[in-house]
Amino acid sequence: MDRNEIISGLEPHWSRMQDLMRTALQSDVDLLNRVNDGILSHKGKMLRPMASLLTATSLGGVCEDT
């Protein structure tokens, strides 16, 4: 199983998590927005959110607290 298959199995939670992260990192400072976009574009930075969603899914389901 590859990363794309895992993400596909986590939908719609994966998209919701990405939206929440982008909203939380939104700034009035253009430079900061560009830096945050660069960080979020690196697949390795999404490993922890993926692990959290996978763990929550295996333990009964994803909720708002996840």
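Helices here are DSSP runs of H or I with at least four residues, and they are numbered from the N terminus. In this predicted model, Pro 12 sits in the loop between helix H1 (3–10) and helix H2 (13–25), and the peptide bond that leads from Glu 11 into Pro 12 is cis, with omega near 5 degrees. The secondary structure as a whole comes to four helices and zero strands, so that, by the DSSP runs used here, the elements read α-α-α-α from the N terminus on.

**Overall dimensions and contacts**

- The C-alpha trace of the protein spans about 40 × 25 × 15 Å along its principal axes.
- Of the 66 residues of the protein, 20% count as buried, where buried means a relative accessible area under 20%.
- Among the contacts that join residues at least 6 apart in sequence, 59% are between residues at least 24 apart.

**Helix H1: Ile 6 and Ile 7**

- Ile 7, a residue of helix H1, counts as buried because its relative accessibility is 11%, which is under the 20% cut-off.
- Once its neighbours within four places in sequence are left aside, Ile 7 is in contact with Trp 14 and Met 50.
- Ile 7 and Met 50 are 43 residues apart along the chain, and their C-alpha atoms are separated by 7.7 Å.
- Ile 6, which is also found in helix H1, has a relative accessibility of 21% and therefore counts as partly exposed.
- Leaving aside neighbours within four places in sequence, Ile 6 is in contact with Met 1, Met 50 and Leu 54.
- Met 50 thus appears among the contacts of Ile 7 and also among those of Ile 6.
- Ile 6 and Arg 34 are 28 residues apart in sequence, and from C-alpha to C-alpha they are 27 Å apart in space.

**Helix H3 (residues 30–41)**

- With twelve residues at 1.5 Å a residue, helix H3 should span 16 Å, and its end C-alpha atoms are 17 Å apart, which agrees with that expectation.
- The residues Asn 33, Asn 36 and Leu 40 are buried in H3; they cover an arc of only 65 degrees around the axis, which puts them on the same side of the helix.
- These buried residues of H3 pack against H2, whereas the face of H3 turned away from the buried side carries the exposed residues Leu 31, Arg 34 and Ser 41.
- Asn 33, which lies in helix H3, counts as buried because its relative accessibility is 14%.
- Not counting residues up to four places away in sequence, Asn 33 touches Leu 25, Gln 26 and Ser 27.

**Helix H4 (47–58)**

- The twelve residues of H4, at 1.5 Å a residue, should span 16 Å, and the end C-alpha atoms are indeed 16 Å apart, in agreement with the expected value.
- Pro 49, Met 50, Leu 53 and Ala 56 are the buried residues of H4; seen down the helix axis they fall within an arc of 130 degrees, so they line one face of the helix.
- What covers these buried residues of H4 includes H1 and H2, while Leu 47, Arg 48 and Ser 58 are exposed residues on the face of H4 turned away from its buried side.
- H4 is followed by Gly 60, and the phi of Gly 60 is positive, near 125 degrees.

**The largest pocket**

- The largest pocket has a volume of about 240 Å³.
- The lining of the largest pocket consists of His 13, Arg 16, Met 17, Leu 20, Pro 49, Ser 52, Leu 53, Val 62, Cys 63, Glu 64 and Thr 66.
- H2 and helix H4 (47–58) each supply at least two residues of this lining, and the largest share, four residues, comes from H2.
- By character, the lining residues divide into six nonpolar, three polar and two charged.
- Pro 49 and Leu 53, both of which belong to the lining of the largest pocket, are also among the buried residues of H4.

Definitions and conventions: Residues are numbered from 1 along each chain as its sequence is written. This is a predicted model: local features need pLDDT of at least 70, side-chain atom pairs count only at pLDDT 80 or more; totals for chains, interfaces and linings use all residues. Side-chain values use heavy atoms; hydrogens and water are left out. On a 1 Å grid over the protein atoms alone, a cavity is a set of points where a 1.4 Å probe fits but cannot get out, and a pocket is an open set with protein on both sides within 12 Å along at least five of seven lines; lining residues have an atom within 4 Å of a point. Grid points are joined across faces, edges and corners, and a volume is the space filled by probe spheres set on the points. Ala, Val, Leu, Ile, Met, Phe, Trp, Tyr, Cys and Pro count as nonpolar, Asp, Glu, Lys and Arg as charged, and the others, Gly among them, as polar. Buried means under 20% relative accessible area, exposed over 50%, partly exposed in between (1.4 Å probe, protein chains only). Contact means heavy atoms within 4.5 Å. The expected span of a helix is 1.5 Å times one less than its number of residues. The arc is that of the directions from the helix axis to the C-beta atoms.
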